[in-house]
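Me: I would like a close look at one part of this model. Please keep it brisk, and follow the part outward to whatever it connects with.

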Amino acid sequence: MTSNQFMSSDDIRAAFSAAMSAMYRAEVPAYGSLLSLVAEVNARTLAQKPALRASLAATGTLDRVSEERHGAIRLGTDAELAMMRRVFAVMGMFPVGYYDLSEAGVPVHSTAFRPVGDAALRQNPFRVFTSLLRLDLIEDEGLREEARKVLAKRGIFSDAAVSLVEKAEADGGLDAGDATRFITEVLNTFRWHQQASVDRELYGRFHDAHRLVADVVSFKGPHINHLTPRTLDIDAVQGLMPDHGIAPKAVIEGPPARNCPILLRQTSFKALEESVSFPDADGSFQAGSHTARFGEIEQRGIALTPKGRALYDRLLNEARTHVRPAPDGSNADEYRAALQVAFRAFPDDWDEIRRRGLGYFTYRHAGADGRIPADGGDLEVMVAAGIIRFDPIVYEDFLPVSAAGIFQSNLGDGAGQDFVASPNQRRFEQALGAKVLNEFDHYAGIEKASIAQCLARLETAGS
Ligand code: OOG
Ligand code: NI
């Protein structure tokens with residue numbers, strides 16, 4: 001079979017993301033309400049900002065602006081993570097970044113499976129924030145063992161899904177028919193199971209150890225726990241959620257609102273209490289409830305360099321030492337004000353961010369008429385002369401403090417526990433069966449390539 005009979009991995013990802021969205025809207029009606037609100041606010045924002053509208057139209061992304069940008073799952077075993085990597089690879093999604101959440105009281109470490117190239121991101125940016133449970137952080141050895149036993153018995157992928165992954169790996173792709181079957185089979189892995197796989201007593205013990213343990217271990221599979229569309233005005237959506245019958249989390253995670261957006265701002269509605277049933281030894285069921293699923297929104301800004309990120313981390317910390325956001329939202333205004341004050345120290349001008357080496361940019365030739373100065377070849381001279389222009393590179397990854405805030409508000413207030421921070425990227429990569437891409441190296445590479453391209457073009461023009 002020749003490769004042009006294959007459905008492109010970007011198309012498979014786009015179709016998968018659309019199927020996941022439809023499934024989740026059917027499973028969680030509140031998520032549908034959030035999507036309508038986001039679409040409404042995005043339409044209004046675009047009407048008010050013709051320049052933004054034009055730039056989205058120019059990149060061919062205007063009609064898909066309100067589509068999902070990411071979702072999240074939590075896995076139980078190394079083998080599940082390793083297989084998930086192979087599943088996502090079929091859709092052109094690769095592990096980027098390592099996030100240790102133990103520091104923030106959540107016993108998981110994570111990566112994001114995402115498209116990496118510019119064209120792939122533009123076609124469909126869907127990512128899945130994927131966490132692996134760390135039973136080693138649970139103190140009770142007996143309970144740890146019970147969790148391991150339950151997890152060892154489950155298979156989260158159908159045989160057909162595994163065969164199709166193997167086929168894609170062997171042949172280098174899937175044709176349209178196989179891709180459609182692949183999507184249907186894989187979607188099942190992310191489905192909600194109303195019926196728990198453990199009895200109520202064991203669920204209770206997992207829950208008491210950490211809510212996350214109960215969520216990962218007690219069900220047949222890693223239900224998608226949220227999806228996240230892009231909003232063009234996160235503050236507006238946060239403010240409007242209550243009018244639409246959705247309860248927002250206390251505060252927006254990430255940096256404050258700025259003229260030059262940095263990194264990632266995100267917020268969610270609080271996870272819903274849903275009825276589930278627990279099997280008994282005699283074959284009957286006991287009714288109960290479980291809280292896991294929610295909806296989120298995101299708004300992205302520029303990717304920061306390690307220096308920019310260190311400044312971001314320091315300022316965020318500073319704001320949080322002044323005001324620690326209360327889960328009930330009672331000091332949300334004070335927190336917002338503290339963030340604004342702390343972030344005055346972060347330049348809010350693209351060229352200053354660039355010159356101080358805080359953010360990543362791509363560079364491009366301004367046009368054919370740009371004259372090359374005598375000392376052409378020096379980037380700064382040519383930027384100053386307007387021969388070379390620069391654009392911020394969008395941050396496509398996640399933030400551990402923000403992710404922890406999203407986890408916390410959805411595991412139930414006060415669910416946090418103190419773990420000793422214990423990042424273990426090597427252990428994670430062993431489980432994954434691959435290395436994760438370092439996001440900073442990746443952005444630096446994009447910037448460097450664009451500079452090289454600019455300079456090469458100038459050399460040809462000047463010779
Ligand atoms: C993942 C939370 C992290 C984000 O957007 O930072 C996340 C989870 O709750 O499983 O999705
Ligand atoms: Ni999320």
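How much space lies in the largest pocket? Take me through its lining and the elements behind it.

Reply: This is a predicted model, so all that follows is computed from predicted coordinates. The largest pocket holds about 1,700 Å³ of space. Its lining counts 50 residues. Leu56, Arg230, Arg300, Pro392 and Val394 come closest to the centre of the pocket.

Now the class make-up. The lining of the largest pocket has 22 nonpolar residues, 18 charged ones and ten polar ones.

Several elements share the work. Helix 3 (50-58) gives the largest share, five residues. At least two residues each come from a list of elements that also includes helix 5 (118-123), helix 11 and helix 18 (439-462). Strand 11, strand 12 and strand 13 (388-392) are on that list too.

Start with strand 12, which spans residues 361-365 and includes histidine 365. Histidine 365 counts as buried because its relative accessibility is 13%, under the 20% cut-off. Its contacts beyond four places in sequence are Ile387, Cys454, Arg457 and Leu458. One of these contacts, cysteine 454, is itself buried, at 5% relative accessible area. Cysteine 260 is buried as well, at 5% relative accessibility. A disulfide is a covalent link between the sulfur atoms of two cysteines. The structure holds zero of them.

Strand 11 leads to the metal. It covers residues 295-300 and carries glutamate 296. Glutamate 296 gives an OE donor to the nickel ion (ligand 2). The other protein donors are NE2 of His70 and NE2 of His226. These donors lie 2.0 to 2.1 Å from the nickel ion. Along the sequence, the donor spacing reads H-x155-H-x69-E. Histidine 226 sits in strand 7 (residues 226-229) and glutamate 296 in strand 11, so this pair ties together parts 70 residues apart in sequence. Histidine 226 and glutamate 296 are both buried.

Helix 11 (234-240) opens another thread. The loop between helix 11 and strand 8 (264-269) holds leucine 263. Most residues other than glycine have a negative phi. Leucine 263 is not a glycine, yet its phi is positive, at about 50 degrees. Leucine 263 counts as buried because its relative accessibility is 0%.

What about enclosed space? The whole structure has two cavities of 30 Å³ or more. The largest cavity holds about 150 Å³. It is lined by 16 residues, and those closest to its centre are Phe129, His226, Ala403, Ile406 and Phe407. His226 therefore turns up twice: it lines this cavity and is a donor to the nickel ion. Strand 2 (68-75), strand 5 (127-133) and helix 16 (400-411) each give two or more residues to the lining of the largest cavity. Strand 2 gives the most, four residues. By class, this lining has nine nonpolar, five polar and two charged residues.

The second largest cavity holds about 30 Å³. Arg74, Asp215, Val216, Gly221, Pro222 and His223 line it. They divide into two nonpolar, two polar and two charged residues.

Back to the pocket. Its threads run through strand 11 to the nickel donor glutamate 296, and through strand 12 to buried histidine 365.

Terms used
Residues numbered from 1 in each chain as written. Chains lettered and ligands numbered in written order. Predicted model: local features only at pLDDT ≥ 70, side-chain atom pairs only at ≥ 80, totals over all residues. Heavy atoms only, no water. Buried < 20%, exposed > 50% of the residue type's maximum accessible area, 1.4 Å probe, protein only. Contact = heavy atoms within 4.5 Å. Disulfide = S-S within 2.5 Å. 1 Å grid on protein atoms, 1.4 Å probe; cavity = no way out; pocket = protein on both sides within 12 Å on 5 of 7 lines; lining within 4 Å. Points joined across faces, edges and corners; volume = space filled by probe spheres on them. Nonpolar A, V, L, I, M, F, W, Y, C, P; charged D, E, K, R; others polar. Donors = N, O, S within 2.8 Å, 3.2 Å for Na, K, Ca; no water.
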